[in-house]
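User: I'm new to this one, could you walk me through it? Let's begin with a helix.

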Amino acid sequence: MKKSPGLKKILVTGGAGFIGSNLILTLQERHPQAWIVVVDDFRSGHFKNLTGFRGDVVAADVARLDWKAHFGREKFDAIFHEASITDTTEHNQFLQTHDNVEGFRRVLEFARPNKTPIVYASSAATYGIGGEAVNLETQPPKPANIYAFSKVILDNLAREYSKKNPKWRIVGVRYFNVFGPREGHKGAASSMILQLAQLIKEGKRPRVFKHGEQMRDFVYVKDVVEATLLGLSAPSGVYNTGSGAPRSFNDVIAAVQSRLGTWLETEYFDNPYPFYQPHTEADLTHSRKLLKYNPQFTLEKGVADYHASGFLV
Ligand SMILES: NC(=O)c1ccc[n+]([C@@H]2O[C@H](COP(=O)([O-])OP(=O)(O)OC[C@H]3O[C@@H](n4cnc5c(N)ncnc54)[C@H](O)[C@@H]3O)[C@@H](O)[C@H]2O)c1
């Protein structure tokens with residue numbers, strides 16, 4: 001495990017959310033002397049995710065906050081930008097684009113005078129539906145919804161700011177299908193691992209689209225946190241952050257049932273979506289080489305750790 005550079009003052013947007021809170025609790029453990037400031041407007045996050053947090057919380061919308069007025073000349077050693085509308089069924093184009101893109105632009109502008117290193121959350125959704133099964137960072141984006149589109153614009157902005165400021169570190173970590181503790185508040189937007197575990201726990205049969213063979217790159221949140229921290233030492237750019245080992249929905253059901261000690265028969269139902277990606281897979285060549293990312297959790301190991309944390313059901 002690589003140690004992040006000495007950090008005394010850290011800003012995390014979206015810190016009350018799933019990934020943000022896991023990141024914060026890890027930062028707090030590894031940098032006990034650091035002062036951590038969260039900016040979150042709680043539109044999807046939850047204060048309970050921050051149980052045990054010893055830092056500050058600014059309850060504000062990153063896309064509307066007057067950063068200069070609020071923080072003045074306060075300097076941070078690092079900024080992790082996780083805040084975003086994460087509900088992909090939110091189809092309001094203005095809202096998704098405004099809040100996600102303007103939020104990032106304000107963070108960039110706030111960080112610009114000091115060239116504070118920024119690691120921000122990109123998304124595998126930028127690869128789109130019907131594209132390549134194996135995703136490389138060099139592939140052109142094909143956003144299929146407004147959420148994915150907004151993330152493409154984040155990547156474009158990051159590239160442009162980096163081009164103009166070659167010495168400033170701006171790193172995008174392109175998350176795939178993340179699962180793990182502190183995602184319960186996401187409801188229908190939470191991982192299939194949690195949703196299936198909840199069904200099974202209620203004694204209901206697991207339900208997936210026919211015939212459960214579609215593959216997804218499920219990545220455990222501890223690997224994602226590690227990749228995000230590594231972003232502070234990597235060259236500017238975007239890095240795939242998956243497991244690199246896609247697994248089927250049937251595999252997820254088997255992994256969850258084996259942990260919960262159940263064996264309910266799976267119910268398969270027709271997929272209503274005419275366009276449904278049969279396979280997603282992060283190519284990790286670039287991430288392994290430059291981000292030094294080396295995921296540690298298989299699906300089974302991640303589900304076991306999740307279950308042991310007490311958050312799975
Ligand atoms: N979970 C995944 O599988 C996944 C995959 C790809 C990308 N991502 C990205 O990772 C990041 C974190 O996602 P998550 O899964 O933790 O979701 P989440 O919904 O749990 O966390 C997002 C947090 O951001 C906050 N937020 C949203 N818009 C805000 C705004 N304008 N101002 C202030 N706070 C705001 C929410 O209240 C929430 O606490 C997001 O940028 C998301 O797009 C997640």
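Analyst: Helix H1 (helices being DSSP runs of H or I with at least four residues, strands E runs of at least two, numbered from the N terminus) has 13 residues and reaches 19 Å from first to last C-alpha, close to the 18 Å expected at 1.5 Å a residue, where the expected span is 1.5 Å times one less than the number of residues. This is a predicted model, in which local features need pLDDT of at least 70 and side-chain atom pairs pLDDT 80 or more, while totals for chains, interfaces and linings use all residues. Residues are numbered from 1 along each chain as its sequence is written, and side-chain values use heavy atoms, without hydrogens or water.

User: Is H1 largely enclosed or open?

Analyst: Because 11 of its 13 residues are buried, H1 is largely enclosed by the rest of the structure; buried means under 20% relative accessible area, with a 1.4 Å probe and protein chains only.

User: What do the buried residues of H1 pack against?

Analyst: They pack against S1, S2, S4, S7, strand S8 (177–179) and H6, where contact means heavy atoms within 4.5 Å.

User: Changing topic, which residues come nearest the ligand?

Analyst: Of the 29 residues around the ligand, Asp 40, Ser 44, Thr 86, Tyr 147 and Lys 186 come nearest, and a residue counts as near if one of its heavy atoms lies within 4 Å.

User: And which element gives the largest share of that shell?

Analyst: That is S5, with 3 residues, while H1, S5 and helix H4 (146–164) each supply at least two.

How values were computed. Buried < 20%, exposed > 50% of the residue type's maximum accessible area, 1.4 Å probe, protein only.
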